[in-house]
Amino acid sequence: MTAITAITAAAPALSTAACAHCGAPGARFCCAGCEAAHDLIAGLGLEAFYRRRETAAGELRPAEPAPGTNFARHAVIESEDAHGIDLLVAGLTCGACVWLLEQALAAEPDVLRARANLQTRRLSFAWRGPAERADQLAALIARLGFHVAPWSPACLRAAEDAEGKALLRAFGIAAFGAMNVMMLSIAVWVGSDMGEGTRALMHWLAALIALPVVLLAGMPLYRSAIAALRAGRINMDCAVSLGVLATTAMSLSETLRNGPFTWFDGATALLALLLAGRVLDRAARRRATQVCAELLALQTGEVARHNSAGIERVAVESIRPGDRLLIAAGERLRLDGVLEAGEALLDTAASTGETLPRRFAAGEALPAGAVNMGAAFTERVTAAAKDGSLALMARLLERAGQARGRYVSIADRAASFYVPVAHAVALATFLGWWLGIGVAWQEALVPAVAALIITCPCGLAIAVPAVQVVAVGALFRRGVMVMSPTALERLAACDHVVLDKTGTLTEGRPVLLPDAARPASALAEAASLAAASRHPLARALLRAAGPIAAAPDVAEIPGQGLRRGAARLGSAAFCGVEAPEEGLTLFYRAAPEAPAIAFRFADALRPDAAPAIAALHRLGLTTELLSGDAAPAVLEAAAATGIPAWRARVTPADKAAHIEALRSAGCRPLMLGDGINDAGALALAHASASPAGATDLAQSAADLVLQSEHLMALPAAIATARRAQAAARQNIAASLAYNAIAVPCAVLGLATPLIAALVMASSSLIVILNALRAGREVAP
Amino acid sequence: MTILTLLVPLALGLGLIAVLFFLWSIRSGQYEDLDGAASRILFDDQPSKESRP
């Protein structure tokens with residue numbers, strides 16, 4: 001994979017250029033976690049892992065212990081003394097990881113079985129003993145560098161795809177039928193010396209295979225067609241269903257009459273090709289939904305509730321109003337509540353867009369979605385999860401999403417004008433032959449149905465799905481998850497981009513500001529203390545310092561700072577500095593008499609924000625910045641990235657209203673946002689995207705989720721969507737051009753099943769080859 | 001042409017067996033983890049306690 005992995009793969013033990021465990025460049029071990037993981041793997045005799053793994057450098061770094069999830073609660077009883085559990089393993093990216101997990105678990109004497117699924121990232125294992133053992137085994141996996149979470153219902157929905165299975169089954173049956181019918185058909189086409197009796201036998205055999213195949217394998221298409229008709233619309237499936245069924249019926253009548261040709265091969269091949277397109281399309285989007293379900297599963301967690309005995313960890317859903325929750329430093333509030341006592345420092349960026357953390361006094365209402373930047377505090381819950389502000393927002397989004405579901409795709413628009421024309425041509429052909437020329441109605445039916453099947457060649461029906469598969473797959477490889485089937489079309493049509501600032505244009509987390517006056521050694525010293533804490537600023541300090549080992553014997557004084565001997569790192573008061581309490585500053589003092597050194601933090605712009613905006617302008621889109629933050633910060637961000645228009649102090653309702661106003665003015669806005677405050681605007685916009693690390697609400701409202709940290713993915717996605725759209729239009733045009741030649745043949749009764757098969761195959765081939773162009777990498 | 005009475009049922013029978021085999025393979029979950037199966041084949045030492053989920 002990367003050069004770094006190649007080096008570690010060649011000499012795992014000797015390499016000093018990269019961490020021996022996670023492969024991050026730097027020392028032999030980038031952190032204590034990696035060293036422990038490496039020792040653990042060596043102790044189990046599983047070093048072969050390092051020669052095989054293909055994970056990206058730094059991905060396997062064991063995270064700081066997350067606030068303990070209660071895994072035992074999720075264990076299920078398998079037999080009288082054995083338990084089993086399903087976990088989501090986020091870092092599971094290569095075959096070597098699967099091997100390592102299974103081997104490491106199998107090495108535990110009480111583990112009965114362990115099996116990891118690389119595609120769904122699901123690890124299921126069972127052990128002999130009490131349910132509580134789940135926590136230890138999950139901790140073992142976490143120590144190896146994998147992020148684990150209980151397997152959530154959302155993951156299950158994304159993985160257990162009954163509809164996809166049904167499609168695959170239908171495709172298998174159709175492919176079997178098409179191949180066997182074709183075998184018989186070819187015998188009829190080439191066997192000019194075949195007797196009439198043998199030909200009838202061939203036709204009857206073809207009917208024997210084709211009738212159940214058309215009935216069984218066509219079900220997904222018929223269902224979709226009926227659903228569309230019920231809703232008063234016409235989609236491509238209506239045309240295809242009618243074509244297939246009419247062709248089968250006509251062929252059956254020809255078999256009964258002992259006519260020269262039957263068309264069973266065309267009907268079954270059409271079904272097989274269409275279903276192949278569906279299967280591929282679904283597989284492409286299923287991977288995207290799975291990745292998102294995984295991101296959400298890692299976010300949803302448990303809360304610590306005070307009870308008579310102390311603290312217990314329970315699921316968010318079981319919390320009732322009046323319960324008291326302990327919110328640890330760095331934890332996200334999941335429920336609405338009030339601060340019970342003391343003072344709290346909360347980062348409300350996700351709910352309001354403000355960058356600087358705000359102080360809350362006792363009794364003040366705390367917004368769900370905020371992150372605790374100060375000491376641990378107790379929150380009294382005022383609304384259960386299903387009645388809270390987040391749930392209210394989710395319901396609003398659902399309604400907005402339904403409105404968007406009514407968007408008519410280009411394929412359906414093409415179908416709605418094309419299907420009546422095709423059917424009219426077929427009807428005219430029938431009437432012309434029957435009444436005009438005066439042949440028997442059964443004979444007149446043959447050219448009519450031939451026109452029907454030739455007018456619905458797969459070329460047209462797979463014109464758009466083929467492009468979708470290619471484009472969605474290409475975007476997936478570049479870290480853009482496409483969530484909605486019509487997302488690419490809407491994205492291609494957008495002409496105006498509305499961006500959020502905090503967390504979208506910026507990193508959404510504090511970044512250490514450079515300071516020339518600061519002695520160089522101070523950062524490393526302070527970071528070795530900071531490594532012991534989960535406080536957001538301590539983590540930011542650690543990120544700035546790079547890989548560094550934690551100093552031993554560090555004591556954390558909650559809400560104030562860290563202490564090791566005489567050295568102190570923390571708030572101004574804690575370090576004895578006479579300075580006003582500013583939101584994002586840490587002080588470090590190596591000894592009581594040493595000078596205090598200030599570390600200032602700010603929410604920095606993403607490194608590629610300015611080039612990404614420039615790329616959007618080059619694509620002909622106008623940009624605009626809407627933020628809930630104060631005017632100076634918004635102006636600065638707008639100036640640094642070259643966004644011409646900006647507005648500050650915008651409330652969530654204002655954002656949604658602004659999008660509405662743009663739409664009614666005839667604009668097609670693309671909204672890019674990450675926060676709870678953006679979710680409404682995301683759902684209302686013509687198309688929407690949310691960056692990596694967005695809140696779950698924003699992710700579920702967005703059409704695209706950018707998984708990489710780079711904003712450049714957005715202009716690249718727009719360029720891909722536009723190319724895909726152009727390819728889809730060319731495909732539709734190409735299949736219509738085919739019809740211009742083939743339909744007159746069919747109407748005049750010149751088309752044989754052989755010609756129909758050739759038309760079908762060649763138009764499909766052209767359409768698929770053209771679709772492949774949509775996935776090419778082109779710089780936006 | 002009498003050979004057809006043997007060959008045609010034979011061809012159809014073989015095709016039917018193939019389609020039944022395909023349906024069985026879907027049902028037994030063999031398409032659940034295509035990526036995993038692709039790399040699993042390269043492991044030379046299988047975990048001692050592995051079993052189907």
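Colleague: Hi! Before we start, which angles count as roughly parallel for two helices?

Modeller: Hi! Angles under 35 degrees count as roughly parallel. Keep in mind that this is a predicted model.

Colleague: Got it. At what angle do helix 17 and helix 28 of chain A pack?

Modeller: Helix 17 (residues 463-477) and helix 28 (residues 753-772) of chain A pack at about 30°, and their axes are 8 Å apart. That angle is under the cut-off of 35 degrees, so helix 17 and helix 28 of chain A are roughly parallel to each other.

Colleague: Nice. Is their crossing left-handed or right-handed?

Modeller: Helix 17 of chain A passes helix 28 of chain A in a right-handed crossing.

Colleague: And which residues meet there?

Modeller: From helix 17 of chain A come A:A463, A:A466, A:V467 and A:V470. They meet A:V767, A:I768, A:A771 and A:L772 of helix 28 of chain A. By class, this contact has 8 nonpolar residues, with no polar and no charged ones.

Colleague: Switching to sheets: how is the one with 6 strands ordered?

Modeller: In chain A, its order is 17-22-21-20-19-18, an open sheet with antiparallel pairing. Strand 17 (506-512) and strand 18 (555-557) of chain A are the edges, each pairing on one side only. On average, neighbouring strands are turned by 20° against each other, direction ignored.

Colleague: How many bridges join strand 21 and strand 22 of chain A?

Modeller: Strand 21 (residues 585-589) and strand 22 (residues 597-605) of chain A pair over 4 bridges. A:T585 stands opposite A:R600 of strand 22 of chain A.

Colleague: Which helix packs on that sheet?

Modeller: Helix 21 (residues 536-545) of chain A does, touching strand 17, strand 21 and strand 22 of chain A. The direction of helix 21 makes about 80° with that of strand 17 of chain A.

How values were computed: Residues are numbered from 1 along each chain as its sequence is written. Chains are lettered from A and ligands numbered from 1 in the order in which they are written. This is a predicted model: local features need pLDDT of at least 70, side-chain atom pairs count only at pLDDT 80 or more; totals for chains, interfaces and linings use all residues. Axes are lines fitted to C-alpha atoms, for helices over the stretch in contact, and angles run from 0 to 180 degrees between N-to-C directions. Helices (H or I, at least four residues) and strands (E, at least two) are DSSP runs, numbered from the N terminus. Angles under 35 degrees count as roughly parallel, over 145 as roughly antiparallel, 65 to 115 as roughly perpendicular and the rest as oblique. A crossing is left-handed if the near helix is turned anticlockwise from the far one by less than a right angle, and right-handed if clockwise. Two residues are in contact if their C-beta atoms, placed from the backbone, lie within 7 Å. Ala, Val, Leu, Ile, Met, Phe, Trp, Tyr, Cys and Pro count as nonpolar, Asp, Glu, Lys and Arg as charged, and the others, Gly among them, as polar. Two strands pair if DSSP finds at least two bridges between them.
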